[in-house]
Every structure is written in structure tokens, then in C-alpha cells.
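Colleague: I have the two chains open on my screen. Could you walk me through them?

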Amino acid sequence: MEGDVLQQDDREPVAFDWSRLASVKPVELGLRFVFGTVIALVAAIAGTAAGPRFGGLFLAFPAVLPATLTLIEKKEGMTKAWADASGGVLGALGLGAFACTAVLLLRWNPIGALFLALVAWAAVSAGLYFLFRVTGLFLRQDRLVSKAGS
Amino acid sequence: MALKALIGGLAVVGFSLVGHAGHPKRFAGLFSAAPSVAVASLAITAVLKGAAGAVPYARGMLIGSAGMLAYCLVSLYLIQRLHALVGSILAWLAWLLVAGGLYLVLGS
């Protein structure tokens with residue numbers, strides 16, 4: 001992992017550059033579609049065969065991440081793939097917030113509950129991202145993981 | 001089931017495109033753990049089976065998200081040593097251990 005590449009990337013302002021989508025190849029999208037389709041099928045089949053709670057486990061299975069991380073490493077290098085996985089840690093905490101909100105509110109109003117669950121995911125994951133960014137916690141996390149990896 | 005698969009696949013593509021447009025990379029990574037399949041699957045289950053039918057799926061997902069957290073943490077360690085392809089596939093074991101373990105401990 002190259003610390004200077006990571007720090008330089010971290011200093012970029014947060015934004016969405018939609019022109020980057022032009023560089024996405026159809027085969028990359030197809031790969032993600034196939035993984036998404038397969039895991040949704042696995043969750044449905046597992047839910048029918050072994051109960052919905054078991055099937056629900058697969059709604060939070062990282063099916064697409066290996067493909068995503070491998071493509072990032074191939075195009076932009078290992079440090080960028082590592083940074084993506086590092087953001088995934090915070091996204092996973094947001095995923096927990098999504099599931100909690102869904103469990104609590106689905107009986108009240110399914111559509112409203114899923115909307116609020118998405119808001120909870122965005123608020124927790126983005127909130128933690130900005131907290132880590134502003135307080136320098138990313139740097140501490142990087143040092144900790146680098147030490148464990150060396 | 002086919003509808004869940006189709007919409008789940010499309011949701012994954014949608015979230016991954018948003019992630020691809022986002023930067024810096026750590027921010028884009030948030031979208032790698034987006035609830036793409038979950039939104040599609042829970043919405044269709046709620047429509048077809050009612051809210052009560054979707055709640056157990058969401059409970060299972062809560063356990064699965066602990067596995068996802070373990071997956072991402074372990075992949076941070078493994079990607080450095082084994083590169084993305086091998087590291088991120090091996091990290092599935094962390095998901096399996098944590099999600100499967102919690103599922104067994106908490107009872108089905």
C-alpha cells in the first residue's frame with residue numbers, strides 16, 4: 001500500500017464526476033448484474049428452503065466486492081482497491097443501520113420503512129466517512145492495518 | 001423469484017455506477033457496501049407477502065451485515081498481502097464465520 005497515493009486521494013474533495021461513467025465497459029456492468037442477480041436468487045432460494053431469516057443473511061453478502069476490487073486494482077492499482085475496501089468498512093456499518101431501521105419500521109409502512117432505511121444507510125456511512133476524514137481517524141486506521149499487515 | 005433476481009441485478013448496477021462516479025476512493029467505497037440487493041428483495045417480498053413476511057429477511061440481513069463488516073476488515077488485511085482477487089475472495093470466509101456463527105448462536 002502506497003501511503004502517499006492514499007493521502008493524495010484522501011485530500012480530493014468529495015464529489016460525483018458523472019463523466020467517469022463513460023469509461024465503464026459493458027462487460028464490467030454485465031459482471032455486476034450477473035453477481036447481483038445470482039445473490040438475489042440465492043437469498044430467495046435459501047429463504048424458501050431454510051427460512052426467511054436464513055435467506056436474509058445473503059442480502060448482506062459481499063457478492064460483487066471481489067469483482068469490484070479486482071477491477072479497481074487492475075485499472076488504478078492496489079492502493080485504490082484498498083481504499084475502496086476501507087470505505088466499505090463504513091458502508092457495512094451503514095448496512096447494519098439499514099437493516100435495523102427495516103426491522104423496526106417495516107410493519108408500520110414497508111415503502112416508507114425502506115426509504116428511511118436507505119436514509120439511515122446514507123447518514124451512517126457518509127456521516128462516519130466525514131467524521132473519519134475530519135478527525136484523521138483514517139490515518140490511524142491505515143497505520144494500524146499496515147502494522148498488522150507488515 | 002425471477003423478479004427479485006432481475007431487480008436485484010439492476011440495483012447492484014445502479015449503486016455501482018454511483019460508486020464509480022464518486023471520489024475520493026474511500027468515499028466511493030461506501031457504495032461497495034450499499035444495500036442494493038436488499039432494497040429490491042425486501043420491497044418485492046413486502047409487496048408479495050406483506051410487511052410481516054419481509055421482517056424475518058431484514059432480521060437475517062442484520063446478522064449478515066455483521067459478516068459484511070468482518071469481510072471488509074479482513075479484506076483490508078488480505079488485499080495488502082495477496083492482492084485484490086485472492087484477498088477479497090478469501091475474505092468471504094470471514095463473512096461465513098461471522099454471519100454463520102451469529103446465525104447459529106442467535107438461533108434460527
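Modeller: Certainly. The C-alpha centres of domain 1 and domain 2 of chain B lie 19 Å apart. Please keep in mind that this is a predicted model.

Colleague: Where do those two domains of chain B run in the numbering?

Modeller: Domain 1 of chain B covers residues 1–49, and domain 2 covers residues 62–108.

Colleague: How many helices and strands does chain B have?

Modeller: Chain B has five helices and one strand. Read from the N terminus, the order of its elements is α-β-α-α-α-α. Its C-alpha trace spans about 45 × 40 × 20 Å along the principal axes.

Colleague: And what are the elements of chain A, from the N terminus on?

Modeller: In chain A the order is α-β-α-α-α-α-α-α, which amounts to seven helices and one strand. The C-alpha atoms of chain A fill a box of roughly 50 × 35 × 35 Å along the principal axes.

Colleague: Let us turn to the interface. How many residues of each chain are in contact?

Modeller: On the chain B side there are 72 residues, in contact with 79 residues of chain A.

Colleague: Which element of chain B gives the most to that side?

Modeller: Helix α4(B) gives the most, with 32 residues. At least two residues each are supplied by α1 (2–21), β1 (22–23), α2 (25–29), α3 (36–49), α4 and α5 (92–106) of chain B. By class, the side of chain B that touches chain A has 48 nonpolar, 19 polar and five charged residues.

Colleague: What does α4(B) cross at roughly 170°?

Modeller: Helix α5 of chain A, residues 78–105, crosses helix α4 of chain B, residues 51–90, at that angle, and the two axes come within 8 Å. The angle is over 145 degrees, so α5(A) is roughly antiparallel to α4(B). This contact comprises 24 nonpolar, seven polar and one charged residues.

Colleague: How does α4(A) cross α4(B)?

Modeller: The axis of helix α4 of chain A, residues 65–76, comes within 7 Å of the axis of α4(B), and they cross at roughly 135°. That angle makes α4(A) oblique to α4(B). The crossing is left-handed.

Colleague: Which residues make that contact?

Modeller: From α4(A) they are Leu65(A), Pro66(A), Leu69(A), Thr70(A) and Glu73(A), and from α4(B) they are Ile79(B), His83(B), Ala84(B), Leu85(B), Ser88(B) and Ile89(B). They divide into seven nonpolar, three polar and one charged.

Colleague: I would like to return to His83(B). What is its phi?

Modeller: Phi of His83(B) is near 70°, a positive value in a residue other than glycine. His83(B) lies in helix α4 of chain B, and it is also one of the residues in the contact with α4(A). As background, most residues other than glycine have a negative phi, and most peptide bonds are trans.

Colleague: On that second point, which peptide bond of chain B is cis, with omega near 5°?

Modeller: The bond from His23(B) to Pro24(B) is cis, with that omega. Pro24(B) is placed in the loop between β1 and α2 of chain B.

Colleague: Since you mention β1(B), what does it pair with in chain A?

Modeller: It pairs with strand β1 of chain A, residues 15–16, in the antiparallel sense over two bridges. Within that pairing, Gly22(B) is the bridge partner of Phe16(A).

Colleague: One last topic, α2(A) and α3(B). At what angle do they cross?

Modeller: The axes of helix α2 of chain A, residues 26–50, and α3(B) cross at roughly 45° and come within 10 Å. The helices are therefore oblique to each other. Their crossing is right-handed.

Colleague: Which residues meet there?

Modeller: Gly36(A), Ile39(A), Ala40(A) and Ala43(A) in α2(A) meet Ser36(B), Val37(B), Ala40(B) and Ser41(B) in α3(B). By class, the residues of this contact are five nonpolar, three polar and no charged.

Notes
Residues are numbered from 1 along each chain as its sequence is written. Chains are lettered from A and ligands numbered from 1 in the order in which they are written. This is a predicted model: local features need pLDDT of at least 70, side-chain atom pairs count only at pLDDT 80 or more; totals for chains, interfaces and linings use all residues. Axes are lines fitted to C-alpha atoms, for helices over the stretch in contact, and angles run from 0 to 180 degrees between N-to-C directions. Helices (H or I, at least four residues) and strands (E, at least two) are DSSP runs, numbered from the N terminus. Angles under 35 degrees count as roughly parallel, over 145 as roughly antiparallel, 65 to 115 as roughly perpendicular and the rest as oblique. Ala, Val, Leu, Ile, Met, Phe, Trp, Tyr, Cys and Pro count as nonpolar, Asp, Glu, Lys and Arg as charged, and the others, Gly among them, as polar. Two residues are in contact if their C-beta atoms, placed from the backbone, lie within 7 Å. Two strands pair if DSSP finds at least two bridges between them. Domain bounds come from an automatic or database domain assignment. A crossing is left-handed if the near helix is turned anticlockwise from the far one by less than a right angle, and right-handed if clockwise.
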